[in-house]
Amino acid sequence: MTETPHGIDGRRAWRAADTAAGNGALTGVRVLDLSRVLAGPFTAQILADHGAEVIKVEGPAGDETRGWGPPFVESGAGSAYYAGLNHSKENIGLDLGTDAGRDILRELLAGADVVIENFKAGTMARWGFDYESVLTRTNPRLIYCRITGFGVDGPLGGLPGYDAVLQSFGGLMSINGYPDRDPLRMGVPIVDLVAANLAVQGILLAMLERELSERGQLVDITLLDSVISILHPHTANWIASGAVPTRTGDVHPTVVPYQVFAAKDGDFFVSAANDRQFRSLVTVLGLSELGSDPRFATNADRHAHRDELIEALSARIAERDREDLASALEKVGVAASAVHTVDEALQSEQVRHRGLFLETDEYRGIGVPITLSRSGYRTPRPAVPRGQDTRGILGAMGFTVEEINALIADGIAIDAPPAEDAR
């Protein structure tokens, strides 16, 4: 098939978009997710959480993160890694290397409000879907979110981007870790996660502007921009002083005390970020004389005499249980907490109260972290196997059962694999 059959309508692919109610502020918005791995899928998932109808397109090989396990999930989506970035989406399998697959993609693009892609630079243009010269004409209201490593132009334009590489290139790794050890990668893919959140902001800004102009626009997100944006206060300090920031471990580069201490039963973090909090901290620790010691009168003084102060605080904190000390400091307005493991954090009463960890018969995973007073959000539903919704989406677009069967038989469309092969 080289042409889309008469009567096919890409807008109908999002068959639930017009009827969904109470799912959130983005109910009715149609999002086409052409991305893979992390930043793009997470962007689309955030939009889905707030009511957008998201269709994820996967090629014959699928999103490689489906295989990034163990662990794997029972829903057939593959790895827990993939499931954590792709809930609440419908999924169609298409071979975009074929003319017929791209014909279907053309219709999906024509019906979308937002498209998200993180292909290698130039891929969409090579397929005939260049944003500036093609899509702005065929779908003028389309908001096109492109996520790349370094951008598509400039000295490094077009180079692939990976989270840890950008942590290194962008300076983040140089300030993470302890001064007497090697630079350290952050324990989460922070650059990709920040890029996703910036992409959501960009998409929402473009949607807001579209209400005035009636036109979409390109949202250009790079991992490089993302990592540079989160280097505060180190960038500000270097710009002001010329001193190159260095690794300080768990110690804040300017605020004292603001670090991890060893309590009687484990690690404990304390932040006494102003003079009042400092005096309250030392009073709780039975060191009230330090509150009037001129060496520690202001943060600048405490910074200058950091070693003496930390030695005194460490000795007292080592005698205290974490939870008791946290409770005592909370009562006097000093920010502090036991250093929780991931399982402890997810199962804490406050996290459960906020709905950030959900356990139901249908879904066990992270909840929605943005709460609006009037607009609700979609209750997450598990990520699905590749091609789970291929038949339903194509049928809604206007393909007949015979045409769908032929597309699947020819490898142009991809149906969901048998349950035992879903991994």
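## V244 and its surface patch

In this predicted model, V244 sits in the loop that runs between helix α9 (234-241) and strand β7 (258-263). With a relative accessibility of 65%, V244 counts as exposed, because the cut-off for that class is over 50%. Together with W238 and I239, V244 makes a nonpolar surface patch of about 370 Å².

## The largest pocket

The largest pocket has a volume of about 1,200 Å³, and its lining is made up of 36 residues, among which A80, A83, G84, G365 and I366 lie nearest the centre. Two or more lining residues come from each of the elements α1 (39-49), α2 (80-83), α7 (190-213) and β11 (364-366), and the largest share, 4 residues, is that of α1.

Sorted by class, the lining of the largest pocket holds 23 nonpolar residues, alongside 8 polar and 5 charged ones.

## The second largest pocket

For the second largest pocket, the enclosed space comes to about 840 Å³, and 38 residues line it, with R36, V37, E64, N118 and F119 lying nearest its centre. Strands β2 (53-58) and β5 (143-148) each contribute at least two residues to the lining of this second largest pocket.

By class, the lining of the second largest pocket consists of 20 nonpolar, 10 polar and 8 charged residues, while the corresponding figures for the largest pocket are 23, 8 and 5.

How values were computed. Residues numbered from 1 in each chain as written. Predicted model: local features only at pLDDT ≥ 70, side-chain atom pairs only at ≥ 80, totals over all residues. Heavy atoms only, no water. Patch = residues over 30% accessible without salt bridge, like charges linked within 9 Å, V, L, I, M, F, W, Y side chains within 5 Å. Areas by Shrake-Rupley, 256 points an atom, 1.4 Å probe, with all protein chains shown as cover. Salt bridge = Lys/Arg side-chain N within 4 Å of Asp/Glu carboxyl O. Buried < 20%, exposed > 50% of the residue type's maximum accessible area, 1.4 Å probe, protein only. 1 Å grid on protein atoms, 1.4 Å probe; cavity = no way out; pocket = protein on both sides within 12 Å on 5 of 7 lines; lining within 4 Å. Points joined across faces, edges and corners; volume = space filled by probe spheres on them. Nonpolar A, V, L, I, M, F, W, Y, C, P; charged D, E, K, R; others polar.
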